[in-house]
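I opened this notebook to keep a plain record of what I looked up, one topic at a time. The entries follow the order in which I went through the model.

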Amino acid sequence: MSNQTETMPKTRISPADILKKIFVRLGILPFLLLIAVIVFASLSDNFLTGRNLMNVLRQSVYLTIVSMGQMLALLTGGFDLSVGTILALTSVVGATVMASVYAAMPDAIWLAIILGCLAGIAAGTFIGVFNGVGVAFFGVSPFMMSLGMASVGFGLALFLTGGTPVYGMPEAFGNIFGFGTLFGIHAPIYAAVLIALLLYFYLYRTKSGRYFYAVGGNIKAAKLSGISTRKTLLMTYILCALMAALAGMLLTARLDTGEANIGASMPLQSIAACVIAGVSLRGGVGRLENVILGAIFIGLVQNGMNLARMESYLQTVVLGSLLILAVIADQVRLRYVASLKD
């Protein structure tokens with residue numbers, strides 16, 4: 001036996017094979033991250049400073065929260081194009097209720113903040129209920145359902161405000177939830193970490209969390225296994241909308257106004273963050289921690305382009321190109337995985 005082992009020819013592993021294995025295991029994100037750091041660090045001396053990296057983290061918070069919700073939709077084989085509208089509607093309704101209560105009872109600051117947040121989050125989550133019912137019970141494609149609700153929500157936000165920003169919220173709301181810090185870390189970062197921990201526990205430590213992967217992997221098999229696929233799909237879009245609504249209230253606190261035109265780029269950016277992080281557009285594949293890194297990567301690229309003084313129109317071109325590149329990389333990766341199985 002030992003002689004046979006000694007006489008067996010040694011297989012040489014080339015650097016290309018090592019890169020291929022890394023690509024199959026980790027996806028395209030590590031390669032893009034390395035390229036982005038090298039390019040932007042060469043363009044700006046401020047890019048890799050601690051202050052700028054903390055700024056990237058703070059700016060990425062809202063996209064990170066929305067992307068975590070978008071990941072749930074992608075896991076079940078769909079996606080949610082209404083997340084941008086949910087941010088806008090949440091912001092408008094939350095700010096309007098908060099400003100109205102504060103104007104009627106100037107001493108009841110916390111009552112105004114709580115009622116405003118509840119109203120805004122409820123309005124945003126309501127969009128998710130419609131999305132979930134349409135997809136789960138009426139068989140409407142996620143593309144058409146979420147696109148239609150995006151139009152409905154945007155129209156409602158403009159109708160409520162007439163296109164003008166909503167002012168008059170208590171200063172404490174912005175000071176605490178928008179600009180507040182604890183140990184030098186901004187309050188929205190704590191909120192994102194808490195949401196990520198709760199979602200991680202739900203996805204990987206509960207039975208219903210595994211259902212998202214089962215439904216996206218093979219919905220017929222999931223149904224035959226006794227999983228309530230309709231309930232899972234309904235929960236998917238409600239949770240996706242809930243997280244977008246939470247991001248909407250945090251962004252409202254940061255802006256200190258209710259805006260009907262915020263979040264327009266969120267659908268593209270959140271899908272790009274998920275796909276770059278290895279979440280499959282076919283459903284059933286994706287890790288939460290990778291999605292968080294994917295959202296931070298998008299924030300890093302935007303920050304680098306700002307430091308390089310790239311125009312906003314060109315930034316949109318770059319983000320769209322990254323999404324296409326990520327989709328192509330996903331296809332190539334699937335072929336590599338299939339070839340390794342053969």
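**Entry on the cavity.** I was working with a predicted model, and I began with enclosed space, where the count came to one cavity of 30 Å³ or more. I noted that the elements giving two or more residues to the lining of the largest cavity are α13, which spans 266–276, and α15. For its volume I wrote down about 60 Å³. Which residues line the largest cavity? I listed F23, G27, I28, V275, I276, G278, A326, A329, D330 and R333. The largest share of this lining, four residues, comes from α15. Sorting the lining by class, I found six nonpolar, two polar and two charged residues.

**Entry on S312.** Having met α15 in the lining of the largest cavity, I turned to S312, which lies in that helix, a stretch running over residues 312–341. Is S312 buried, exposed or partly exposed? I recorded S312 as partly exposed, because its relative accessible area is 48%, and that value falls between the 20% limit for buried and the 50% limit for exposed. I also looked up the separation of S312 from Q302, ten residues apart from it along the chain, and found their C-alpha atoms separated by 9.4 Å.

**Entry on the helix pair.** Next I looked at helix α9, residues 187–205, and helix α14, residues 288–307, whose axes come within 10 Å and cross at roughly 145°. Which residues make this contact? From α9 I noted A196, L199, Y200, L203 and Y204, and from α14 I noted L288, E289 and I292. By class, the residues of the contact of α9 with α14 divide into seven nonpolar, no polar and one charged.

**Entry on the salt bridge.** E289, already on my list for the contact between α9 and α14, came up again when I searched for salt bridges. How many salt bridges does the structure hold? I found that the structure holds one, and that E289 forms a salt bridge with R287, the closest N and O atoms being 3.1 Å apart. I then checked the accessibility of both partners. E289 counts as partly exposed, because its relative accessibility is 33%, and R287 is partly exposed with a relative accessible area of 32%.

Conventions: Residues numbered from 1 in each chain as written. Predicted model: local features only at pLDDT ≥ 70, side-chain atom pairs only at ≥ 80, totals over all residues. Heavy atoms only, no water. Buried < 20%, exposed > 50% of the residue type's maximum accessible area, 1.4 Å probe, protein only. Salt bridge = Lys/Arg side-chain N within 4 Å of Asp/Glu carboxyl O. 1 Å grid on protein atoms, 1.4 Å probe; cavity = no way out; pocket = protein on both sides within 12 Å on 5 of 7 lines; lining within 4 Å. Points joined across faces, edges and corners; volume = space filled by probe spheres on them. Nonpolar A, V, L, I, M, F, W, Y, C, P; charged D, E, K, R; others polar. Axes fitted to C-alpha atoms, helices over the stretch in contact; angles between N-to-C directions. Contact = heavy atoms within 4.5 Å.
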